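Q: I would like to learn how to read a protein model that comes with its ligands. Could you take me through it one feature after another?

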Amino acid sequence: MTILVTGGAGFIGSNFIFHMLAKYPDYRIVCLDKLTYAGNLSTLASVMDNPSFRFVKLDICDRQGVYRLFEEEHPNMVVNFAAESHVDRSIENPEVFLQTNILGTQVLMDACRKYGIDRFHQVSTDEVYGDLPLDQPDLFFTEDTPIHTSSPYSASKAGADLLVLAYHRTFGLPVTISRCSNNYGPYQFPEKLIPLMIANALNDKPLPVYGQGLNVRDWLYVEDHCIAIDLILHRGRVGQVYNIGGHNEMRNIDIVKIICAALGKSESLITHVTDRKGHDMRYAIDPAKIHNQLGWLPETKFADGIRKTIRWYLDNREWWEEIISGEYRNYYERMYGGR
Ligand code: NAD
Ligand code: TYD
């Protein structure tokens with residue numbers, strides 16, 4: 001079994017590679033990653049010498065390169081994590097989101113058609129459903145909720161999802177799609193809420209909460225997402241979409257306060273800044289389908305997951321300090337300077 005994992009030098013893809021190599025020692029895992037600002041080869045240092053693992057620096061939009069890799073490796077499955085993944089960056093510059101997230105997905109699926117594949121799995125997001133109101137807590141996203149996107153990021157992910165389903169219907173490509181809620185855990189790039197707040201708090205810098213901080217996200221520990229994708233690959237039904245989430249809705253402001261408390265930092269670091277354009281209010285997944293059909297349930301409670309995550313950022317300061325001392329400083333200034 002050879003699995004091609006795209007975007008494996010990023011947050012969730014790397015955690016998925018660790019999960020798969022540990023659980024299936026006889027599988028070959030080939031990681032394809034362009035190493036954009038979000039990809040970090042040092043993240044994969046612990047598996048680089050593993051004979052079951054190969055890393056290839058490649059853009060999923062590079063058709064010839066992707067075809068060459070398929071000729072070399074003949075993967076049985078592709079798991080597509082590669083994407084531009086940050087909403088704020090998509091508001092600043094949508095184009096690369098359409099290129100990578102939609103056209104890159106097309107190139108991968110064309111390669112799957114040309115060389116044959118047992119499964120193409122698209123890693124998608126609950127953000128394709130748009131958002132839910134705060135005053136109707138009984139509403140959740142199901143797989144039948146209409147696509148209704150808010151940001152260029154979510155629109156590009158929705159475009160890819162529709163293309164994946166079209167390749168299944170038109171060409172019979174054996175696809176599955178998972179739509180997960182917000183992940184947190186080790187190796188998340190410090191532009192996202194939880195690692196950004198941990199890094200800023202540790203450096204006694206302001207904690208920039210967008211608007212009032214009342215927006216709700218449904219947080220899932222990254223390992224639980226990886227377990228769910230593993231299950232879908234092995235037992236999921238071709239042509240199906242699976243929502244992944246653990247009924248763990250929290251307001252942004254409460255997450256930031258938890259981080260302050262855990263690090264012994266004053267809440268006076270919290271600074272309310274101008275809200276994100278088009279800011280989604282609430283995401284909430286109904287995971288009944290994956291629970292009923294595949295028996296998946298999240299294993300890590302938020303209290304444990306956030307403790308492990310904070311511990312990881314404390315123990316791996318060099319990983320994120322190197323990131324925030326580079327090009328990230330320009331990003332931070334553009335995004336937060338005078339906000
Ligand atoms: P990330 O930004 O941490 O990592 C993305 C990886 O993709 C990076 O290693 C980057 O170098 C690589 N990449 C980007 N463009 C590429 C290209 N053109 N060719 C090859 N590689 C490229 O993202 P993440 O948080 O790990 O998210 C992974 C996937 O999961 C994405 O598809 C995202 O939409 C989805 N997702 C993320 C979350 C979340 O909370 N982070 C939730 C649900 C779904
Ligand atoms: P983020 O981690 O960017 O994920 P997403 O927008 O894909 O859900 O943001 C999570 C929430 O945190 C979102 O409501 C925006 C908010 N947020 C802040 O308040 N301040 C910040 O500096 C960041 C990065 C996010």
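Q: Which helices and strands each supply at least two residues of the shell around ligand 1?
A: A shell can be read by asking which elements its residues come from. In this predicted model, helix α1 (11-23), strand β5 (119-125) and helix α5 (152-171) each give at least two residues to the shell around ligand 1, and the largest share, three residues, comes from β5.

Q: How many residues surround ligand 1, and of what class are they?
A: A shell collects the residues that have a heavy atom within 4 Å of the molecule. For ligand 1 there are 28 such residues, the closest being Ile12, Asp33, Ser85, Tyr153 and Lys157, and by class the shell has 13 nonpolar, 11 polar and four charged residues.

Q: Which residues place polar atoms by the oxygen and nitrogen atoms of ligand 1?
A: Here one looks for pairs of N or O atoms within 3.5 Å. A polar side-chain atom of Tyr153 is 2.7 Å from an oxygen atom of ligand 1, a polar side-chain atom of Asp59 is 2.8 Å from a nitrogen atom of this ligand, and a polar backbone atom of Gly10 is 2.9 Å from an oxygen atom of ligand 1. As for cover, ligand 1 exposes 830 Å² when taken alone, and the protein buries 97% of that.

Q: What does the shell around ligand 2 consist of?
A: The reading is done in the same way. Ligand 2 is surrounded by 19 residues, with Glu127, Arg217, Arg276, His279 and Tyr336 the closest, and by class this shell has nine nonpolar, five polar and five charged residues.

Q: Which polar atoms lie by oxygen atoms of ligand 2?
A: It helps to separate side-chain from backbone atoms. Polar side-chain atoms of Asn182 and Tyr336 lie 2.9 Å and 2.7 Å respectively from an oxygen atom of ligand 2, while Tyr210 brings a backbone N or O atom to 2.8 Å from an oxygen atom of this ligand. On its own ligand 2 has 510 Å² of accessible area, of which the protein covers 98%; the elements that give two or more residues to its shell are α6 (193-202) and β8 (207-210).

Q: In what order do the strands of the seven-stranded open sheet run, and why is one side of β3 and of β11 left without a neighbour?
A: A sheet is read strand by strand, from one edge to the other. The order here is β3-β2-β1-β4-β5-β6-β11, with parallel pairing; β3 (53-57) and β11 (241-244) are at the edges and each has a single partner strand, so one side of each lacks a neighbour in the sheet. From one strand to the next, the twist averages 20°.

Q: How do β2 and β3 pair, and which helix packs on the sheet there?
A: One follows the bridges, then the contacts. Strand β2 (residues 28-33) pairs with β3 in the parallel sense over five bridges, and Cys31 stands opposite Phe55 in β3. Helix α2 (residues 63-73) packs on the sheet and touches β1 (2-6), β2, β3 and β4 (77-80), its direction making about 170° with that of β2.

Terms used:
Residues numbered from 1 in each chain as written. Chains lettered and ligands numbered in written order. Predicted model: local features only at pLDDT ≥ 70, side-chain atom pairs only at ≥ 80, totals over all residues. Heavy atoms only, no water. Polar contact = N/O pair within 3.5 Å; in protein donor to acceptor, adjacent residues only side chain to side chain. Areas by Shrake-Rupley, 256 points an atom, 1.4 Å probe, with all protein chains shown as cover. Helix = DSSP H or I, 4+ residues; strand = E, 2+ residues; numbered from the N terminus. Nonpolar A, V, L, I, M, F, W, Y, C, P; charged D, E, K, R; others polar. Pairing = 2+ DSSP bridges. Axes fitted to C-alpha atoms, helices over the stretch in contact; angles between N-to-C directions. Contact = heavy atoms within 4.5 Å.
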